[in-house]
Amino acid sequence: MIGLSVLVKGGLEEQIHFCYSVYDINGDRALAREELYHCLRTCLIRLPGIEEDIEESIKDIVDIALKKLDVDKNGSITFQDYQAAVRADKLLLLA
């Protein structure tokens, strides 16, 4: 309920902090490839016969996210990277 409240009624900064914290599983304020992969893997519906396609799609999505958001190219997305990207393109909050 808190998350829904932030997404519906919260300001941009609250939404940025909340969305980032969802993916930052270990709380180190750096989204590593493994964290993004884990979050995407657990939220997709599994259907028999397409398991390999889903795994490849998840890897592709993670690669795209890192290329777009990892400004300093250190292999992780820092909170500052994410915050700057969302401020530039607010539609990223929906992703």
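Visitor: Leaving aside its neighbours within four places in sequence, which residues is tyrosine 82 in contact with?
Guide: In this predicted model, tyrosine 82 lies in helix 5. Setting aside residues within four places in sequence, its contact partners are Ile16, Cys19, Tyr20, Leu69, Ile77, Leu92 and Leu93.

Visitor: Is tyrosine 82 buried or exposed?
Guide: The cut-off for buried is under 20% relative accessible area. Tyrosine 82 has a relative accessible area of 8%, so tyrosine 82 counts as buried.

Visitor: Which residues have the most contacts inside the largest nonpolar core?
Guide: As a general point, nonpolar side chains in soluble globular proteins tend to be buried together. Here the largest nonpolar core has 18 residues. Those with the most contacts inside this core are Ile77 and Tyr82.

Visitor: Where does the largest share of this core come from?
Guide: At least two core residues are supplied by each of helix 2 (12-23), helix 3 (33-43), helix 4 (51-69) and helix 5 (79-88). The largest share is 5 residues, and the helix that provides them is helix 4.

Visitor: What separates the C-alpha atoms of tyrosine 82 and arginine 33?
Guide: Along the chain, tyrosine 82 and arginine 33 are 49 residues apart. Between their C-alpha atoms, the separation is 14 Å.

Visitor: Which residues of helix 3 are buried, and within what arc do they fall?
Guide: An α-helix has 3.6 residues a turn, so residues three or four places apart point the same way. In helix 3, the buried residues are Glu35, Leu36, Cys39 and Leu40. Looking down the axis of helix 3, these buried residues line one face of the helix, because they fall within an arc of 125°.

Visitor: Which residues are exposed on the other side of helix 3?
Guide: Exposed requires over 50% relative accessible area. On the other side of helix 3, the exposed residues are Glu34 and Thr42.

Visitor: How many salt bridges does a search of the whole structure find?
Guide: Side chains of opposite charge can pair when their charged atoms come close. Searching the whole structure for salt bridges gives a total of 3.

Visitor: Which residue forms a salt bridge with glutamate 13?
Guide: The closest N and O atoms of this pair are 2.7 Å apart. The pair links distant parts of the chain, with glutamate 13 in helix 2 and its partner in helix 5, 74 residues apart. Glutamate 13 is partly exposed at 31% relative accessibility, and the partner is also partly exposed, at 45%. That partner is arginine 87.

Visitor: What is the N to O distance in the salt bridge of aspartate 63 and arginine 33?
Guide: Aspartate 63 is partly exposed, with a relative accessible area of 29%, and arginine 33 is partly exposed at 38%. Their side chains meet in a salt bridge, and the N to O distance is 2.4 Å. The pair links distant parts of the chain, helix 4 and helix 3, 30 residues apart. To come back to the distance you asked for, it is 2.4 Å.

Visitor: Glutamate 55 and arginine 41 meet in a salt bridge; which of them is buried, and which partly exposed?
Guide: Their side chains meet at 3.2 Å, N to O. Arginine 41 lies in helix 3 and glutamate 55 in helix 4, so the pair ties together parts 14 residues apart in sequence. At a relative accessible area of 39%, arginine 41 is partly exposed. With 15%, the buried residue is glutamate 55.

Visitor: What pattern does the protein chain follow along the sequence?
Guide: The secondary structure of the chain comes to 5 helices and 2 strands. Read along the sequence, the pattern is α-α-β-α-α-β-α.

Visitor: What percentage of the residues in the protein chain is buried?
Guide: The C-alpha atoms fill a box of roughly 40 × 35 × 25 Å along the principal axes. The chain exposes about 6,400 Å², and carbon and sulfur atoms supply 61% of that area. Of the 95 residues in the chain, the buried share is 34%.

Visitor: Where in the protein chain is confidence lowest, and where is it highest?
Guide: The mean pLDDT of the chain is 86, and 92% of its residues reach 70 or more. Confidence is lowest in helix 1 (residues 2-9), at a mean of 80, and highest, at 94, in strand 1 (residues 30-32).

Methods: Residues are numbered from 1 along each chain as its sequence is written. Side-chain values use heavy atoms; hydrogens and water are left out. A nonpolar core is a set of buried Ala, Val, Leu, Ile, Met, Phe, Trp, Tyr and Cys residues joined through side-chain atoms within 4.5 Å. Buried means under 20% relative accessible area, exposed over 50%, partly exposed in between (1.4 Å probe, protein chains only). Helices (H or I, at least four residues) and strands (E, at least two) are DSSP runs, numbered from the N terminus. Contact means heavy atoms within 4.5 Å. The arc is that of the directions from the helix axis to the C-beta atoms. pLDDT is the predictor's confidence in each residue, from 0 to 100. A salt bridge is a side-chain nitrogen of Lys or Arg within 4 Å of a carboxyl oxygen of Asp or Glu. Accessible areas come from the Shrake-Rupley method with a 1.4 Å probe; for residues, only the protein chains shown count as cover.
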